[in-house]
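Student: Before I take any label in this model at face value, I would like to hear the reasoning behind it. Could we go through them one at a time?
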Amino acid sequence: MADDTDPKPDSSSSTSDTSATASTGTTSDSTDAAGSTTTSDASSGSPSNSDASDSSTANESSSSTSSAENSPPLSTALNPQIVQAVGTTNHAVLNGAGPGANGIAYQKVAQAAAYAVQDSTDYMRNIMSMASATTGVAMQKMLAEKTTDPYADIIAAATKAVTDAQETFTKVGTASSGVVKDFDSMA
């Protein structure tokens, strides 16, 4: 006969229906060779079979509130090595985020500066192509007409356009380099 006053029932022989004991007041348990527990209600006399997991589930639900109140705080319940590993990981991730973000920003600034230099190079190349074509046509006309007026001025303007494009290229390259270097020192 099971003792109804024991707050922590034995896991090998516990009743599967706690409501039956509350309503009738008497039950009897017996365990067969397979490990199943048979509970008989004294009022009905009908046995009911249940395995140990069914009976422990009912008892766990009734004792879960008392175990939650008696459990230690989370910081002492965890393995200190795990707590330290999580702390170290958080520190590494959060402290490493700044340099990583600065690295991405630096790459974007460097890429923008490279595009500016590339565009300036394309501009200079296009001006040189037009100046070369203009100079060729002007020289052909000078030779055909045996006069330099107005063709010498056209050749001088084409040459000045190339010189201006070269100066623009130098200014863009210097400015782009300065922006990248200044950004690197701020990061």
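Tutor: In this predicted model, D184 lies in helix α5, and C-alpha to C-alpha it is 9.1 Å from G103, although the two are 81 residues apart in sequence.

Student: Why is D184 called partly exposed?

Tutor: The relative accessible area of D184 is 46%, and the class of partly exposed residues runs between the limits of 20% and 50%, so D184 belongs to that class.

Student: What makes S176 buried?

Tutor: S176 also lies in helix α5, but its relative accessibility is 9%; because buried means under 20%, S176 counts as buried. Setting aside residues up to four places away in sequence, S176 touches A113, A116 and V117.

Student: Which rings form an aromatic pair, and what makes the pair stacked?

Tutor: A search of the whole structure finds one aromatic pair. The rings are those of Y106 and F183, with 6.4 Å from centre to centre and 25 degrees between the planes; since pairing requires centres within 6.5 Å and stacking requires planes under 30 degrees apart, both conditions are met. This pair links distant parts of the chain, with Y106 in helix α4 and F183 in helix α5, 77 residues apart. Y106 is itself partly exposed, because its relative accessible area of 29% falls between 20% and 50%.

Student: How do you know that D122 forms a salt bridge with R125?

Tutor: The closest N and O atoms of D122 and R125 are 2.9 Å apart, and the cut-off is 4 Å, so the pair qualifies. Being three residues apart in helix α4, D122 and R125 are separated by about one helical turn. Both ends count as partly exposed, D122 at 31% relative accessibility and R125 at 47%.

Student: How many salt bridges are there by this rule, and what N to O distance is found for K160 and D164?

Tutor: The count comes to two. The side chains of K160 and D164 meet at 3.2 Å, N to O, which is again within 4 Å and therefore a salt bridge. Both residues lie in helix α5, four residues apart, or about one turn of the helix, and D164 counts as partly exposed at 30% relative accessibility.

Student: Which residues make up the largest nonpolar core?

Tutor: The six residues are M124, I127, A131, A158, V162 and A165, and α4 (80-145) and α5 (151-186) each supply at least two of them. Within this set, A131 touches A158 and V162, when residues up to four places away in sequence are not counted. Over the whole chain of 187 residues, 13% count as buried.

Student: Where does the predictor's confidence fall under 50, and why should that make a reader careful?

Tutor: Two such stretches are residues 11-28, for which the model has 35 contacts beyond four places in sequence, and residues 60-64, for which it has zero. Where pLDDT is low, the predicted coordinates should not be read in detail. Among the elements of the chain, helix α1 (residues 18-24) has the lowest mean pLDDT, 43, and α5 the highest, 92. For the chain as a whole the mean pLDDT is 72, and 53% of the residues reach 70 or more.

Conventions. Residues numbered from 1 in each chain as written. Predicted model: local features only at pLDDT ≥ 70, side-chain atom pairs only at ≥ 80, totals over all residues. Heavy atoms only, no water. Core = buried A, V, L, I, M, F, W, Y, C linked by side-chain atoms within 4.5 Å. Buried < 20%, exposed > 50% of the residue type's maximum accessible area, 1.4 Å probe, protein only. Helix = DSSP H or I, 4+ residues; strand = E, 2+ residues; numbered from the N terminus. Contact = heavy atoms within 4.5 Å. Phe/Tyr/Trp six-rings, centres within 6.5 Å; stacked < 30°, edge-to-face > 60°. pLDDT = per-residue confidence, 0-100.
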